[in-house]
Amino acid sequence: MGLESNTRQPDPDCIFCKIVKGEIPSKFLLETEDLVAFNDISPQAPTHVLIIPRQHVKDISKFSSNQEDKTLLGTLFQQAAELALKLNLESGFRLVVNTGDDGGQTVHHLHLHLIGGRQMTWPPG
Ligand code: AMP
Ligand code: ZN
């Protein structure tokens, strides 16, 4: 369910798939079987890391209720939180998942923004 438009194959035109495959060189802060993390090219705070699944999943709405998807989503958040602590963000951080055009998503390969190192404001723009 919900997976029809999500082939999960690498998209040759996707910049994040290219990063996963090493076609665009990037220094990984974290690398597991399921995900990689690297610094955002245009940081919005002293710490701004992107955590992405290796699989090309367009956005969070493409996840289904199957166990594999639930585990992957849980892993993304758990690893993001663990990385935040490794990066000394004990005093707080923000995880952001922009989704779709109205959500401000510009790269259509799911990613968690891990942002920290300064006081965040609310509401976001
Ligand atoms: P979003 O607007 O939520 O889709 O976020 C996409 C993010 O990807 C933006 O914060 C960009 O700065 C970042 N970005 C785009 N290209 C690269 C790249 N080659 N390496 C690292 N970050 C990138
Ligand atoms: Zn991709």
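The following passage describes the surroundings of ligand 1, the salt bridges and two backbone features in a predicted model. Local features were accepted at pLDDT of at least 70 and side-chain atom pairs at pLDDT 80 or more, whereas totals for chains, interfaces and linings use all residues, and side-chain values rest on heavy atoms, with hydrogens and water left out. Residues are numbered from 1 along each chain as its sequence is written, chains being lettered from A and ligands numbered from 1 in the order in which they are written.

Ligand 1 is surrounded by 16 residues, of which Asp40, Asn98, Thr106, His111 and His113 come nearest; a residue is counted here if one of its heavy atoms lies within 4 Å of the molecule. This shell divides into 7 nonpolar, 8 polar and 1 charged residues, where Ala, Val, Leu, Ile, Met, Phe, Trp, Tyr, Cys and Pro count as nonpolar, Asp, Glu, Lys and Arg as charged, and the others, Gly among them, as polar. Helix H1 (15–21) and strand S2 (35–39) each supply at least two residues of the shell, and the largest share, 3 residues, comes from H1; helices (H or I, at least four residues) and strands (E, at least two) are DSSP runs numbered from the N terminus.

Polar contacts, defined as pairs of N or O atoms within 3.5 Å, involve oxygen atoms of ligand 1. One such distance, to an N or O atom in the side chain of asparagine 98, is 2.8 Å, while a polar backbone atom of threonine 106 lies 2.7 Å from an oxygen atom of the ligand and a backbone N or O atom of valine 107 lies 2.9 Å from one. Of the 500 Å² of accessible area that ligand 1 has on its own, the protein covers 82%, as computed by the Shrake-Rupley method with a 1.4 Å probe.

The structure holds 4 salt bridges, each a side-chain nitrogen of Lys or Arg within 4 Å of a carboxyl oxygen of Asp or Glu. In one of the salt bridges, the closest N and O atoms of arginine 8 and aspartate 69 are 3.1 Å apart. Because arginine 8 lies in the segment before H1 and aspartate 69 in helix H2 (residues 67–86), this pair ties together parts that are 61 residues apart in sequence.

Most residues other than glycine have a negative phi, and most peptide bonds are trans. Asparagine 88, in the loop between H2 and strand S4 (93–96), nevertheless has a positive phi of about 65°. The peptide bond from tryptophan 122 to proline 123 is cis, with omega near 0°, and proline 123 lies in the segment after strand S5 (112–116).

Methods
A polar contact is a pair of N or O atoms within 3.5 Å; within protein, one must be able to donate a hydrogen and the other to accept it, and residues adjacent in sequence count only if both atoms are side-chain atoms.
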